[in-house]
Amino acid sequence: AKGYPDISTRAFLRLLSISSYPPPPIFGMVDFDPDGLAILYAYKHGSLALSHENSNLTTPTVRWLGVKSEDLSLQGSPDRPTEDRAGLLKLSRRDRKKAFNILGQEVCDEDGVEKEWRRELQVMLMLNVKVEMEILAGREGGVETWVDERLCKAISGTGTSAS
């Protein structure tokens, strides 16, 4: 899928996650920005706009593959100004508002089920940066190697929590 999920895509992933045995692992790869987390939120916990439909459209088993703050280390010293670090963008006022809105959801409470999301949003806000997935293309081995490494860690249980 690409971008904010439509109802058909959400329904398909939901069906896939509940009708297969064992259910296949389902991963979300989104930008490291508030919109990326909002997309992941819609898949896993449902849309706030369609809350009456969420029980039939959520995929609670979806796991976040990335992009995460640990991937920012690919872009040089954090002491350099954001605009001097390739791929890093400053959060806009809209981004910051969206991040705070997500943090305000029950799942992102200190004792909520999405502790990793909470931590990553806090890092994003503190550093005032966001990153698009395309940043991975500049990494040695490119996106393919990054995805292979992340999937191996996630499937083996050494990385990518259920959040």
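The points below go through this predicted model, from the chain as a whole to two helices, a pocket and two single residues.

1. Overall make-up. The chain holds six helices and four strands, and, read from the N terminus on, its elements follow the order α-β-α-α-β-β-α-α-β-α. Of its 163 residues, 42% count as buried. Among the contacts in the chain with a separation of 6 or more, 74% are made by residues 24 or more positions apart.

2. Helix α2. This helix takes in residues 34-44 and is mostly covered, with 11 of its 11 residues buried. The buried residues include Pro34 and Asp35 at the start of the list, Tyr41 and Tyr43 further along, and Lys44. As for what surrounds them, the buried residues of α2 pack against the helices α1 (7-19), α3 (54-57), α4 (93-103) and α5 (115-127), and also against the strands β1 (27-29) and β2 (63-66). Just after α2 comes Gly46, which takes a positive phi of about 105°.

3. Asp35 within α2. A reader may ask whether Asp35, which lies in helix α2, is buried or exposed. With a relative accessible area of 16%, Asp35 is buried, because buried here means under 20%. When its neighbours within four places in sequence are left aside, Asp35 is in contact with Tyr4, Arg94, Asp95 and Lys98.

4. Helix α6, its length and its two sides. Helix α6 covers residues 142-156, and at 1.5 Å a residue its 15 residues should span 21 Å, which agrees with the 22 Å that separate its end C-alpha atoms. Its buried residues are Gly142, Trp146, Val147, Arg150 and Ala154. Seen down the axis of α6, these buried residues fall within an arc of 145°, so they line one face of the helix. The background is that an α-helix has 3.6 residues a turn, so residues three or four places apart point the same way. The face of α6 turned away from the buried side carries Glu144, Cys152 and Ile155, which are exposed.

5. Surroundings of α6. The cover over the buried residues of α6 includes the strands β1 and β2. After the helix comes Gly157, and the phi of Gly157 is positive, near 90°.

6. The second largest pocket. This pocket has a volume of about 320 Å³, and 17 residues line it, with Tyr4, Ala38, Tyr41, Ser47 and Leu48 lying nearest its centre. The elements that give two or more residues to this lining are α1, α2 and α4. By type, the residues of the lining divide into 10 nonpolar, four polar and three charged. Two of the residues named for the centre of the pocket, Ala38 and Tyr41, are also among the buried residues of α2.

7. Ile26 and a distant stretch of sequence. Ile26 is found in the loop between α1 and β1, and Ile26 is buried, with a relative accessible area of 9%. Which residues does Ile26 contact, once its neighbours within four places in sequence are left aside? They are Leu13, Leu16 and Ser17, together with Thr59, Thr61, Val62 and Arg63. Thr59 stands 33 residues from Ile26 in sequence, and the distance between the two in space, C-alpha to C-alpha, is 8.6 Å.

Notes
Residues are numbered from 1 along each chain as its sequence is written. This is a predicted model: local features need pLDDT of at least 70, side-chain atom pairs count only at pLDDT 80 or more; totals for chains, interfaces and linings use all residues. Side-chain values use heavy atoms; hydrogens and water are left out. Buried means under 20% relative accessible area, exposed over 50%, partly exposed in between (1.4 Å probe, protein chains only). Contact means heavy atoms within 4.5 Å. The expected span of a helix is 1.5 Å times one less than its number of residues. The arc is that of the directions from the helix axis to the C-beta atoms. On a 1 Å grid over the protein atoms alone, a cavity is a set of points where a 1.4 Å probe fits but cannot get out, and a pocket is an open set with protein on both sides within 12 Å along at least five of seven lines; lining residues have an atom within 4 Å of a point. Grid points are joined across faces, edges and corners, and a volume is the space filled by probe spheres set on the points. Ala, Val, Leu, Ile, Met, Phe, Trp, Tyr, Cys and Pro count as nonpolar, Asp, Glu, Lys and Arg as charged, and the others, Gly among them, as polar.
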